[in-house]
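Student: I've got a new model to look at, and I don't know where to start. Could you walk me through it?

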Amino acid sequence: MRPCSTVMHLLLRCMRGCGRYSRSRMPRRLRQPVSYIKLIFKSLYFNSLTNSEVVLDCILEPVFWTVEIVTRWFGMVFVFLVVALTSSVVFIAYYCLLPLVLRTYSPGWMMWHICYGNWILVMIVFHYYKATNTPPGYPPKMKNEVPFVSFCKKCVIPKPARSHHCGICKTCILKMDHHCPWLNNCVGHYNHRYFFSFCLYLTLGCMYCSISGRHLFIDAYNAIDQFRHLEAEKQGVPVTGIGLLIGIVPSEGVAGKGLQEISQPPYTYKDRMFHKSVIYMWVLTSTVSVALGGLTLWHAILITRGETSIERHINNKEAKHLARRGKVYRNPFSYGKLNNWKVFFGVEKRSHWLTRVLLPSGHTPYGDGLTWDIYPLKKDMMPV
């Protein structure tokens with residue numbers, strides 16, 4: 001902060017000198033804005049709580065404001081893109097690939113592809129719909145007896161533990177993880193499970209399409225490449241006909257070549273669109289599986305630790321702060337690795353791993369998002 005303080009001190013000296021020199025010459029209507037600018041610089045310089053993070057936040061405030069505006073106004077566009085891209089892949093799978101599966105695969109593999117593909121599709125559609133339409137949860141705005149840990153200066157309401165203010169939704173969110181533009185909704189206490197399940201099953205679905213369609217992708221790419229070569233060779237056919245007229249090329253060679261070209265199967269518009277659709281599906285699903293797979297893995301690590309994306313940064317700073325004092329920071333909202341997953345998915349008995357995790361389920365999460373003293377869950381609820 002020493003270079004920053006030096007720069008601010010020089011700016012103040014320059015403004016002070018300019019003010020003394022031009023005070024008598026400055027118009028009266030400009031004196032108030034200039035005084036206000038001086039006050040801003042003095043507040044930055046003389047404030048004992050100023051550090052590099054505060055200065056950086058002030059500098060990046062226009063960027064944050066722009067991101068909030070874009071995310072708020074283009075939320076429905078992102079949702080439309082998710083629905084359109086997913087629908088395009090489903091259309092290609094049903095219209096192009098399913099008839100091919102029914103003609104070429106054995107009954108066992110046929111049943112596997114039909115059952116697994118439709119199960120993945122149902123899970124993706126269900127969890128995306130629930131994630132976008134389920135409110136994340138909001139703190140009560142009326143006076144109540146719920147304990148709170150801080151006070152929101154923007155909402156002017158008490159903030160319970162794990163709640164944070166969302167600048168895009170303009171309100172506080174219970175157990176806020178982040179604001180997802182692809183959902184056009186905040187990820188909080190009541191829809192966090194839906195968001196993670198949607199990411200997980202969409203990743204599994206994209207990996208399934210990418211792995212099962214790799215041979216079709218190679219064949220489609222080779223077919224399009226071969227067609228391009230054939231188109232390039234056909235450009236010399238009219239010249240051969242002229243050679244026959246003037247007697248340069250023997251008629252037998254031309255006739256043989258013509259019969260060879262006629263014997264090749266025609267490359268129709270339907271074949272071209274089929275191959276391009278396969279290439280489009282494979283590239284899209286492979287890209288999404290890698291990108292979304294990394295995001296899903298990151299959230300799985302956070303769930304294992306009993307944290308959210310925001311709490312991860314807060315806990316890291318608190319752990320470093322206590323480490324300087326020789327102490328160890330423990331997350332008060334973690335109940336153990338396995339129990340964290342049980343609390344997250346709402347698993348109370350073995351059958352819930354099927355009915356609440358592997359099948360669509362609209363059950364509510366544990367607690368109300370205001371208090372987090374889940375005492376029965378501090379110990380293992382069931383042997384797994």
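Tutor: Here come some questions and answers on this predicted model.

Student: Okay, how many helices and strands does the protein have?

Tutor: Let's begin with the overall picture. The protein is 384 residues long, and 33% of them count as buried. As for its elements, there are 13 helices and 6 strands.

Student: Which element gives the largest share of the largest nonpolar core?

Tutor: That core has 32 residues, and among those with the most contacts inside it are Ile124, Tyr128 and Phe198. The elements giving two or more residues to the core are α4 (75-104), α5 (107-133), α6 (192-212), α7 (214-234) and α10 (269-305). The largest share, 9 residues, comes from α6.

Student: Leu183 sits in that core too, right after the others in my notes. Which residues does Leu183 touch, leaving out residues up to four places away in sequence?

Tutor: Leu183 is one of the residues with the most contacts inside the largest core, and so is Phe195. Leaving out those sequence neighbours, Leu183 touches Val79, Tyr128, Ala131, Thr132 and Phe195.

Student: How many residues are in the second, separate core?

Tutor: Among its members are Ala300 and Ile303, along with Phe345 and Val347. The count for this second core is 8 residues.

Student: Now for the empty space. Which element gives the most to the lining of the largest pocket?

Tutor: The largest pocket has a volume of about 1100 Å³. Of its 42 lining residues, the closest to the centre are Val89, Gly205, Cys206, Cys209 and Thr285. Two or more lining residues come from each of α4, α5, α6, α7 and α10. The one that gives the most, with 13 residues, is α4.

Student: And how many charged residues does that lining have?

Tutor: Let's go class by class. The lining has 32 nonpolar residues and 10 polar ones. For charged residues, the number is none.

Student: Is Ser210 buried or exposed?

Tutor: Ser210 lies in helix α6, and it touches Trp282, Thr285 and Ser286, not counting residues up to four places away in sequence. Its relative accessible area is 13%. Buried means under 20%, so Ser210 counts as buried.

Student: What about Tyr95, buried or exposed?

Tutor: Tyr95 is found in helix α4. Its C-alpha is 9.7 Å from that of Phe274, although the two are 179 residues apart in sequence. The relative accessible area of Tyr95 is 55%. The cut-off for exposed is over 50%, so Tyr95 is exposed.

Student: Where is Lys170 found?

Tutor: Lys170 has a phi near 60°, a positive value in a residue other than glycine. Lys170 is exposed, with a relative accessible area of 53%. Its place is the loop between β3 (164-166) and β4 (171-173).

Student: Lys175 has a positive phi as well. Is Lys175 buried or exposed?

Tutor: The phi of Lys175 is about 50°, although Lys175 is not a glycine. This lysine is found in the loop between β4 and β5 (178-180). With a relative accessible area of 12%, and buried meaning under 20%, Lys175 is buried.

Student: Last one: what share of the accessible surface belongs to carbon and sulfur atoms?

Tutor: The accessible surface of the protein comes to about 25200 Å². The share belonging to carbon and sulfur atoms is 66%.

Conventions:
Residues are numbered from 1 along each chain as its sequence is written. This is a predicted model: local features need pLDDT of at least 70, side-chain atom pairs count only at pLDDT 80 or more; totals for chains, interfaces and linings use all residues. Side-chain values use heavy atoms; hydrogens and water are left out. A nonpolar core is a set of buried Ala, Val, Leu, Ile, Met, Phe, Trp, Tyr and Cys residues joined through side-chain atoms within 4.5 Å. Buried means under 20% relative accessible area, exposed over 50%, partly exposed in between (1.4 Å probe, protein chains only). Helices (H or I, at least four residues) and strands (E, at least two) are DSSP runs, numbered from the N terminus. Contact means heavy atoms within 4.5 Å. Accessible areas come from the Shrake-Rupley method with a 1.4 Å probe; for residues, only the protein chains shown count as cover. On a 1 Å grid over the protein atoms alone, a cavity is a set of points where a 1.4 Å probe fits but cannot get out, and a pocket is an open set with protein on both sides within 12 Å along at least five of seven lines; lining residues have an atom within 4 Å of a point. Grid points are joined across faces, edges and corners, and a volume is the space filled by probe spheres set on the points. Ala, Val, Leu, Ile, Met, Phe, Trp, Tyr, Cys and Pro count as nonpolar, Asp, Glu, Lys and Arg as charged, and the others, Gly among them, as polar.
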